[in-house]
Amino acid sequence: PTGSKPLELRKVFLRMQRPTRTVTTSLLTAVLFMLPACNAQPAEDVAQSSSASWLLETQPEHAVGVLQAKAEASEGDTVVVRGIIGGTKNPLTADSPVFRIIDTGLFNRCVAEDGDHCSTPWDYCCAPRETITEHSATVQLTASDGTIINDDLIASGLKPRDTVMVVGTVAPRPNEQVLVVNATGIYRMP
């Protein structure tokens, strides 16, 4: 009995060592959410904005979807990306200038099916996690000089499932699955 505990622990450890699609996807998703924090400016470089000057009144031209931006955009490119705020249960928080958008072409079964079976349809819970990751981009609100704008996005009127156009610069891209846009302007579709 006492000799079997190390053997059991070893079996558990070995099972944890097996590469699986779920673990890989989970790690990729975690990296997507950590990247904005890794690229974040030191606290003294965070700007406070109360006027929400980043909210655009005029719809920007030449917007592309998230998938097209991922395929074509390189670090430092100026882009206009169209997407739906979502992909997680809480894609926006009052204390963070970072949120996630999903390509508008991704079918959202949570809102398409009859009935009101999903209390958080913006999280795309009916889609496989790999599909959500493939169709998503991270947006970080920044000033034109690159400092992070620490605005309350919710108080500024943004909410989950809003379709937005994000104007900004592509942050470093460690691989083709990661797209972070340092946004200087956001237009909320009516």
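## Cysteines without disulfides

A search of the whole structure, which is a predicted model, finds zero disulfides. If the term is new to you, a disulfide is a covalent bond between the sulfur atoms of two cysteines. Let's look at the cysteines with that in mind.

Take C110 to begin with. Which cysteine sulfur is nearest to that of C110? The sulfur of C126, at 3.0 Å. The cut-off for a disulfide is a pair of cysteine sulfur atoms within 2.5 Å, so the two are not counted as bonded. C125 is in no disulfide either: its nearest cysteine sulfur belongs to C110 and is 3.5 Å away.

Are C110 and C125 buried or exposed? C110 has a relative accessible area of 5%, so it counts as buried, because buried means under 20%. C125, with a relative accessible area of 44%, is partly exposed.

## The whole protein

Now step back and take in the full chain. The protein has 190 residues, and 40% of them count as buried. Its exposed surface comes to about 10800 Å², with carbon and sulfur atoms supplying 54% of that area.

How many helices and strands does the protein have? There are five helices and eight strands. If you trace the chain from the N terminus, the elements follow the order α-α-β-β-α-β-β-α-α-β-β-β-β. Many contacts link parts of the sequence that lie well apart: among those between residues at least 6 apart in sequence, 71% join residues at least 24 apart.

## Strand β8 and its partners

Strand β8, made of residues 180–188, is a good place to practise reading strand pairing. It pairs with strand β5, residues 136–141, in the parallel sense over four bridges. Here L141 stands opposite A183 of β8.

Strand β8 also pairs with strand β7, which covers residues 163–170. This time the sense is antiparallel, and there are seven bridges. One residue pair to find in the structure is V170 and its bridge partner in β8, V181.

## A closer look at S136

To finish, return to strand β5, where you will find S136. Is S136 buried or exposed? Its relative accessibility is 2%, so S136 counts as buried.

What does the side chain of S136 reach? It reaches the backbone oxygen of T133, at 3.2 Å. So S136 joins two features in one residue: a place in strand β5, and a buried position at 2% relative accessibility.

How values were computed: Residues are numbered from 1 along each chain as its sequence is written. This is a predicted model: local features need pLDDT of at least 70, side-chain atom pairs count only at pLDDT 80 or more; totals for chains, interfaces and linings use all residues. Side-chain values use heavy atoms; hydrogens and water are left out. Two strands pair if DSSP finds at least two bridges between them. Buried means under 20% relative accessible area, exposed over 50%, partly exposed in between (1.4 Å probe, protein chains only). A polar contact is a pair of N or O atoms within 3.5 Å; within protein, one must be able to donate a hydrogen and the other to accept it, and residues adjacent in sequence count only if both atoms are side-chain atoms. Contact means heavy atoms within 4.5 Å. Accessible areas come from the Shrake-Rupley method with a 1.4 Å probe; for residues, only the protein chains shown count as cover.
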